[in-house]
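Welcome to this short tour of a protein model. Take a moment to look over the sequence and the picture, and then read on.

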Amino acid sequence: MLLITCPWCGPRDETEFQYGGQAHVAYPEDPSALSDEEWASYLFYRDNPAGRFRERWVHNVGCRKWFNAVRDTRSYEILETYTGASR
């Protein structure tokens with residue numbers, strides 16, 4: 001079982017959390033100006049690296065707050081968790 005450290009609640013079992021996708025994906029400034037292809041790219045295309053990857057997680061069963069995590073996609077190890085929009 002994976003242990004995830006919530007920045008507010010501390011280490012908890014992975015079953016208390018939900019994955020929220022890639023972190024630090026900026027919402028388009030003017031979505032109505034995007035072509036269908038650009039909108040589809042924003043909605044569906046994300047990085048898929050082998051190695052360190054920044055992700056969003058929510059602590060559903062605990063504080064219900066969103067936070068970011070750095071996870072190694074090769075080992076599934078969570079290397080760091082943090083609050084805030086940028087890092």
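A residue counts as buried when its relative accessible area is under 20%, as exposed when it is over 50%, and as partly exposed in between. With that in hand, D72 is a good place to begin: its relative accessibility is 14%, so D72 counts as buried. Please keep in mind that the model is predicted.

## The overall picture

The protein is built from 1 helix and 6 strands. Following the chain from its start, you meet them in the order β-β-β-α-β-β-β. The C-alpha trace spans about 45 × 30 × 25 Å along its principal axes.

How many of the 87 residues count as buried? The share is 29%. The protein exposes about 6,000 Å², and carbon and sulfur atoms supply 47% of that area. Among contacts with a separation of 6 or more, 46% come from residues 24 or more positions apart.

## The opening hairpin

Near the start of the sequence, strand β1 (residues 3-6) and strand β2 (residues 10-13) run antiparallel and are joined by 4 bridges. The link from β1 to β2 is a hairpin of 3 residues. One of the bridge pairs matches C6 with G10, the partner in β2.

C6 also brings us to the cysteines. How many disulfides does the structure hold? The count is 0. A disulfide is a covalent bond between the sulfur atoms of two cysteines. For a pair to count here, the two sulfur atoms must lie within 2.5 Å. The closest cysteine sulfur to that of C6 belongs to C63, and at 3.7 Å it is too far for a bond. C9 is in no disulfide either, with the sulfur of C63 as its nearest cysteine sulfur, 3.7 Å away. The surroundings of C6 and C9 can be told apart by accessibility: C6 is buried at 1%, whereas C9 is partly exposed at 25%.

## Two salt bridges

Side chains of opposite charge can pair when their charged atoms come close. The structure holds 2 salt bridges, and both are set out here.

| Salt bridge | N to O distance |
|---|---|
| E55 and R71 | 2.6 Å |
| R74 and D72 | 3.4 Å |

What does the pair of E55 and R71 tie together? E55 lies in strand β4 (residues 52-59) and R71 in strand β5, so their salt bridge links parts that are 16 residues apart in sequence. E55 is buried, with a relative accessible area of 0%. R71 counts as buried as well, at 11%.

The pair of R74 and D72 has a different setting on each side. R74 is exposed, with a relative accessible area of 60%, while D72 is buried at 14%.

## Around D72 and R52

Where does D72 sit? Its place is in strand β5 (residues 66-72). Setting aside residues up to four places away in sequence, D72 touches G51, R52, E77 and L79.

One of those contacts, R52, is worth a visit of its own. R52 is found in strand β4. Is R52 buried or exposed? Its relative accessible area is 59%, so R52 is exposed. Beyond its neighbours within four places in sequence, R52 is in contact with V70, R71, D72 and L79. Two of these names are familiar from the salt bridges: R71 is paired with E55, and D72 is paired with R74.

R52 can also be placed relative to the opening hairpin. R52 and R12 are 40 residues apart along the chain, and their C-alpha atoms are separated by 21 Å.

## A nonpolar patch

Our last stop is on the surface. Which residues form a nonpolar patch there? They are L43, F44 and Y45, and together they have about 390 Å² of accessible area. L43 belongs to helix α1 (residues 36-44). With a relative accessibility of 39%, L43 counts as partly exposed.

## Looking back

To retrace the route, the hairpin from β1 to β2 came before the cysteines, and the structure holds 0 disulfides. The 2 salt bridges came next, followed by the contacts of D72 and those of R52. The walk ended at the surface patch of L43, F44 and Y45.

Note on methods
Residues are numbered from 1 along each chain as its sequence is written. This is a predicted model: local features need pLDDT of at least 70, side-chain atom pairs count only at pLDDT 80 or more; totals for chains, interfaces and linings use all residues. Side-chain values use heavy atoms; hydrogens and water are left out. Two strands pair if DSSP finds at least two bridges between them. Helices (H or I, at least four residues) and strands (E, at least two) are DSSP runs, numbered from the N terminus. Buried means under 20% relative accessible area, exposed over 50%, partly exposed in between (1.4 Å probe, protein chains only). Patches are made of residues with over 30% relative accessible area and no salt bridge: like charges are joined within 9 Å, nonpolar side chains (Val, Leu, Ile, Met, Phe, Trp, Tyr) within 5 Å. Accessible areas come from the Shrake-Rupley method with a 1.4 Å probe; for residues, only the protein chains shown count as cover. A salt bridge is a side-chain nitrogen of Lys or Arg within 4 Å of a carboxyl oxygen of Asp or Glu. Contact means heavy atoms within 4.5 Å.
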